[in-house]
Amino acid sequence: MGSTLTPAQAAPARAQAKVYLTTSVTQWSHYQPNLHSHAGTLYAGRNYFYCWTAGDWYSNNGHISGAWLRTDDDSGHRNVYVNMVNLSDTDFWRAQDMLPQC
């Protein structure tokens, strides 16, 4: 019997480049790209992200998006997701062009 891995746990072992973007809001991180899998906290400020993937649509901070960004949060969780709606206005509009798809 095998165990089921989350996409974050099953992520490729190869190193991904970090892209630094600014988040405007302190937010929960999630194990999956959805609103129901809380992991920890990502503080507002300059944070790094590895890639983006599609997930639940979310509205906050004057934006709406179904794109979730993979990062390591400030609670020590690795390969977790935050929705891109909480990026600064400038970074919100360019994040998907700067990050590879997961």
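**Exercise 1. Which residues of helix H1 are buried, and why do they line one face of the helix?**

Solution. Start with the names: in this predicted model, the buried residues of H1 are Asp91, Phe92 and Ala95. Next, look down the axis of H1: these buried residues fall within an arc of 105 degrees, so they line one face of the helix. Now turn to the face pointing away from that buried side, where you'll find the exposed residues Asp89, Thr90, Trp93 and Asp97. Last step: ask what sits over the buried residues of H1. The cover includes S1 and S6.

**Exercise 2. Work out where helix H1 sits in the order of elements along the chain.**

Solution. Count the pieces first: the protein has 1 helix and 7 strands. Then read from the N terminus on, and you get β-β-β-β-β-β-β-α. The helix therefore comes after the strands in that order.

**Exercise 3. Sort the side chains of strand S1 by the face they point to.**

Solution. S1 covers residues 19-23, and its side chains alternate. Val19, Leu21 and Thr23 go to one face and are buried. Tyr20 and Thr22 go to the other face and are not buried. That fits the usual pattern: in a regular strand, side chains alternate between the two faces of the sheet. Now find the partner: S1 pairs with strand S4 (residues 45-49) in the antiparallel sense, over 5 bridges. Within that pairing, Tyr20 stands opposite Tyr48 in S4.

**Exercise 4. Take two residues of strand S6, Ser65 and Thr71, and describe the surroundings of each.**

Solution. Begin with Ser65, which lies in S6 (residues 63-71). Its relative accessible area is 6%, and the cut-off for buried is under 20%, so Ser65 counts as buried. Leaving out neighbours within four places in sequence, Ser65 is in contact with Asp56, Trp57, Tyr58, Asn83, Met84, Val85 and Phe92. One of these, Phe92, is also among the buried residues of H1. Another, Met84, is 19 residues away from Ser65 along the chain, yet their C-alpha atoms are separated by 6.8 Å.

Move on to Thr71, also found in S6. Thr71 is buried too, with a relative accessible area of 0%. Setting aside residues up to four places away in sequence, Thr71 touches Leu42, Tyr48, Phe49, Tyr50, His77, Arg78, Asn79 and Val80. You've met Tyr48 already: that's the residue opposite Tyr20.

**Exercise 5. Which cysteines form the disulfide, and which parts of the chain does the pair link?**

Solution. The structure holds 1 disulfide. Cys51 and Cys102 form it, with their sulfur atoms 1.9 Å apart. Check the handedness: at 95 degrees about the S-S bond, the link is right-handed. Then place the two ends: Cys51 is in strand S5 (residues 51-60), while Cys102 is in the segment after helix H1 (89-98). They are 51 residues apart, so the pair links distant parts of the chain. Finally, compare their burial: Cys51 is buried at 0% relative accessibility, whereas Cys102 is partly exposed at 37%.

**Exercise 6. Step back: how many of the residues count as buried, and how confident is the prediction?**

Solution. Of the 102 residues, 42% count as buried. The protein exposes about 5800 Å², with carbon and sulfur atoms supplying 52% of it. As for confidence, the pLDDT averages 89, and 85% of the residues score at least 70. Watch residues 1-6, though: there the pLDDT is below 50, and the stretch has 2 contacts beyond near neighbours in sequence.

Note on methods:
Residues are numbered from 1 along each chain as its sequence is written. This is a predicted model: local features need pLDDT of at least 70, side-chain atom pairs count only at pLDDT 80 or more; totals for chains, interfaces and linings use all residues. Side-chain values use heavy atoms; hydrogens and water are left out. pLDDT is the predictor's confidence in each residue, from 0 to 100. Contact means heavy atoms within 4.5 Å. Helices (H or I, at least four residues) and strands (E, at least two) are DSSP runs, numbered from the N terminus. Buried means under 20% relative accessible area, exposed over 50%, partly exposed in between (1.4 Å probe, protein chains only). Accessible areas come from the Shrake-Rupley method with a 1.4 Å probe; for residues, only the protein chains shown count as cover. Two strands pair if DSSP finds at least two bridges between them. A disulfide is a pair of cysteine sulfur atoms within 2.5 Å. The arc is that of the directions from the helix axis to the C-beta atoms.
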